[in-house]
Amino acid sequence: MDITTSKHEGKVPVTVLHINGKLDSNSFQSLIAEAQKVYDAGARHLVLDMTNMSYISSAGLAALHSISLIFQGKDAPDLNAGWQVFKGIDFNREKQSQVKLAGMWPEVQSVLDVVGFTLLFETFPTVEAALASF
């Protein structure tokens, strides 16, 4: 997986992480680290561009949850805790307002729908639509 970053100025500054490849056990830590890096550099609004992301595994779902917590100013969960990470997700809270998902393939969208992540994140068909939502 490759990650590139771009910044966009609108009503608020938004950082976009463009994900190219599979988000799985081999790559999820790289995405978390990149999100932490841009957050530490001052980013407070993030779009994850999944236009070129062809696959997401449970490790990828854990990465999305971790990034959500980072952008809420909280500590990311201990990913060594395995399924406890998922058991700790509060699906009754409001959707994440700082992190938005864009350009998902139908297969990726389906996974997020099945596990309930579309209750946690706003999703958009394009990066441009996600940027306009801030």
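**Phe 134, the strands and the helices around them**

Student: Which residues does Phe 134 touch, not counting residues up to four places away in sequence?
Tutor: In this predicted model, and with those sequence neighbours set aside, Phe 134 touches Lys 11, Val 12, Val 14, His 45, Leu 46, Val 47, Ser 97, Gln 98 and Lys 100.

Student: And where does Phe 134 lie in the chain?
Tutor: Phe 134 belongs to the segment that comes after helix 5, the helix of residues 127-132. The C-alpha atom of Phe 134 is separated by 8.1 Å from that of His 45, although the two residues are 89 residues apart along the chain.

Student: Does Phe 134 count as buried or exposed?
Tutor: Phe 134 counts as buried, because its relative accessibility is 15% and the cut-off for buried is under 20%.

Student: OK, zooming out, how many helices and strands are there?
Tutor: The protein chain has five helices and five strands, and along the sequence they follow the pattern β-β-α-β-α-α-β-α-β-α. Of its 134 residues, 44% count as buried, and among the contacts with a separation of 6 or more, 69% are between residues 24 or more positions apart.

Student: Let's take strand 3. How does strand 2 run relative to it, parallel or antiparallel?
Tutor: Strand 2, residues 13-23, runs parallel to strand 3, and eight bridges join the two. The chain gets from strand 2 to strand 3 through helix 1, residues 28-40, in a β-α-β crossover that is right-handed. As an example of the pairing, Thr 15 has Leu 46 of strand 3 as its bridge partner.

Student: What about strand 4, how many bridges join strand 3 to it?
Tutor: Four bridges join strand 3 to strand 4, residues 96-102, and these strands also run parallel. Here Leu 48 has Leu 101 in strand 4 as its bridge partner.

Student: How buried is Leu 48, then?
Tutor: Leu 48, which sits in strand 3 (residues 46-56), has a relative accessible area of 0% and is therefore buried. Apart from neighbours within four places in sequence, Leu 48 is in contact with Leu 17, Ile 19, Leu 31, Leu 64, Ile 67, Val 99, Lys 100, Leu 101 and Ala 102.

Student: Leu 31 is in helix 1, right? Which residues of helix 1 are buried?
Tutor: Leu 31 is one of the buried residues of helix 1, together with Phe 28, Ile 32, Glu 34, Ala 35, Val 38 and Tyr 39. These residues cover an arc of only 165° around the axis, so they lie on the same side of helix 1. The general reason is that an α-helix has 3.6 residues a turn, so residues three or four places apart point the same way.

Student: What covers that buried side, and what is on the face turned away?
Tutor: The cover for the buried residues of helix 1 includes strand 1 (2-9), strand 2, strand 3 and helix 2 (58-70). The face turned away from the buried side carries Gln 29, Lys 37 and Asp 40, which are exposed. Just after helix 1, Gly 42 adopts a positive phi of about 115°.

Student: And helix 2, why is it said to be largely enclosed?
Tutor: Helix 2 is largely enclosed by the rest of the structure because twelve of its 13 residues are buried; among them are Leu 64, Ser 68 and Ile 70. At the N-terminal end, Ser 57 caps helix 2 with a side-chain oxygen that lies 3.2 Å from the backbone nitrogen of Ala 59.

Student: New topic: what does the side chain of Gln 96 make a polar contact with?
Tutor: The side chain of Gln 96 makes a polar contact of 2.6 Å with the side chain of Ser 68. A polar atom of the Gln 96 side chain also lies 2.9 Å from the backbone nitrogen of Gln 98. Gln 96 is in strand 4, and with a relative accessible area of 1% it is buried.

Student: Which residue stands opposite Gln 96 in strand 5?
Tutor: Phe 121 stands opposite Gln 96, and strand 4 pairs with strand 5, residues 121-124, in the parallel sense over four bridges. The chain passes from strand 4 through helix 4, residues 106-115, to strand 5, and that β-α-β crossover is right-handed.

Key:
Residues numbered from 1 in each chain as written. Predicted model: local features only at pLDDT ≥ 70, side-chain atom pairs only at ≥ 80, totals over all residues. Heavy atoms only, no water. Buried < 20%, exposed > 50% of the residue type's maximum accessible area, 1.4 Å probe, protein only. Contact = heavy atoms within 4.5 Å. Pairing = 2+ DSSP bridges. Right-handed = clockwise from strand over helix to strand, strands pointing away. Arc of directions from axis to C-beta. Polar contact = N/O pair within 3.5 Å; in protein donor to acceptor, adjacent residues only side chain to side chain.
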